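Here is a quick tour of one protein model for someone meeting it for the first time. Have a look at the picture, then read on.

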Amino acid sequence: MEPSRYRIVVRGQLSERFTDAFDGMVVQRGVGVTAFEGELADQAMLHGLLGRIGGLGLELVSVMELRDDGDG
């Protein structure tokens, strides 16, 4: 299985303290949301990251796999 790129959006503008928990992900702050984008090696890493989001008490808005073929 090859790595996939994901974009994960949570509600709120997260401080650097929170974004440090997502090392290796590119952080993009928008109006009322924060997005993390990056490559994850497998589904286990994705589930671990989603668990970290839940553990921090963050509200998940969306998870999207980004594909090079324009489908993401």
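Which residue follows H2, and what is its phi? The residue is Gly-57, and its phi is positive, near 75 degrees. Before going further, keep in mind that this is a predicted model.

**Helix H2**

Let's stay with H2 for a bit. This helix has 13 residues and stretches 18 Å from its first C-alpha to its last, close to the 18 Å expected at 1.5 Å a residue. At its start, a side-chain oxygen of Asp-42 comes to within 3.2 Å of the backbone nitrogen of Ala-44.

Which residues of H2 are buried? They are Leu-46, Leu-49 and Ile-53. These three cover an arc of only 65 degrees around the axis, so they sit on the same side of H2. That buried side packs against S1, S3 and strand S4 (60-66). Turn to the face pointing away from the buried side and you meet the exposed residues Ala-44, His-47 and Gly-55.

Gln-43 is also found in helix H2, and at 35% relative accessibility it counts as partly exposed. Setting aside neighbours within four places in sequence, Gln-43 is in contact with Met-1 and Tyr-6. The side chains of Gln-43 and Tyr-6 are joined by a polar contact of 3.1 Å. As for Met-1, it is 42 residues away from Gln-43 in sequence, yet the two C-alpha atoms are 9.6 Å apart in space.

**The nonpolar core**

In soluble globular proteins, nonpolar side chains tend to be buried together. Here, the largest nonpolar core has 12 residues, including Tyr-6, Leu-14, Phe-22, Met-25, Phe-36 and Leu-58. Strand S1 (4-11), strand S3 (33-40) and helix H2 (43-55) each supply at least two residues of this core.

Leu-14 is a handy member to zoom in on. Leaving out neighbours within four places in sequence, Leu-14 is in contact with Thr-19, Arg-29, Thr-34, Phe-36 and Leu-58. Two of these partners, Phe-36 and Leu-58, belong to the core as well.

**Salt bridges**

How many salt bridges are there? The count comes to five. Here are some of them, with the distance between N and O:

| Pair | N to O distance |
|---|---|
| Glu-37 and Arg-5 | 3.4 Å |
| Glu-37 and Arg-7 | 3.3 Å |
| Arg-29 and Glu-16 | 3.2 Å |

Salt bridges with shared partners link Arg-5, Arg-7 and Glu-37 into one network. Is Glu-37 buried or exposed? It counts as buried, at 17% relative accessibility. Its two partners are another story: Arg-5 is partly exposed at 33%, and Arg-7 is partly exposed with a relative accessible area of 28%.

What do these pairs tie together? Glu-37 lies in strand S3 and Arg-5 in strand S1, so their bridge connects parts that are 32 residues apart in sequence. The bridge between Glu-37 and Arg-7 also joins S3 to S1, and so ties together parts 30 residues apart.

The remaining pair in the table involves Arg-29, which is partly exposed at 38% relative accessibility. Arg-29 lies in strand S2 (residues 26-29) and Glu-16 in helix H1 (residues 16-19), so this bridge ties together parts that are 13 residues apart in sequence. Arg-29 has turned up before, too, as one of the contacts of Leu-14.

Technical notes:
Residues numbered from 1 in each chain as written. Predicted model: local features only at pLDDT ≥ 70, side-chain atom pairs only at ≥ 80, totals over all residues. Heavy atoms only, no water. Core = buried A, V, L, I, M, F, W, Y, C linked by side-chain atoms within 4.5 Å. Buried < 20%, exposed > 50% of the residue type's maximum accessible area, 1.4 Å probe, protein only. Helix = DSSP H or I, 4+ residues; strand = E, 2+ residues; numbered from the N terminus. Contact = heavy atoms within 4.5 Å. Salt bridge = Lys/Arg side-chain N within 4 Å of Asp/Glu carboxyl O. Expected span 1.5 Å × (residues − 1). Arc of directions from axis to C-beta. Polar contact = N/O pair within 3.5 Å; in protein donor to acceptor, adjacent residues only side chain to side chain.
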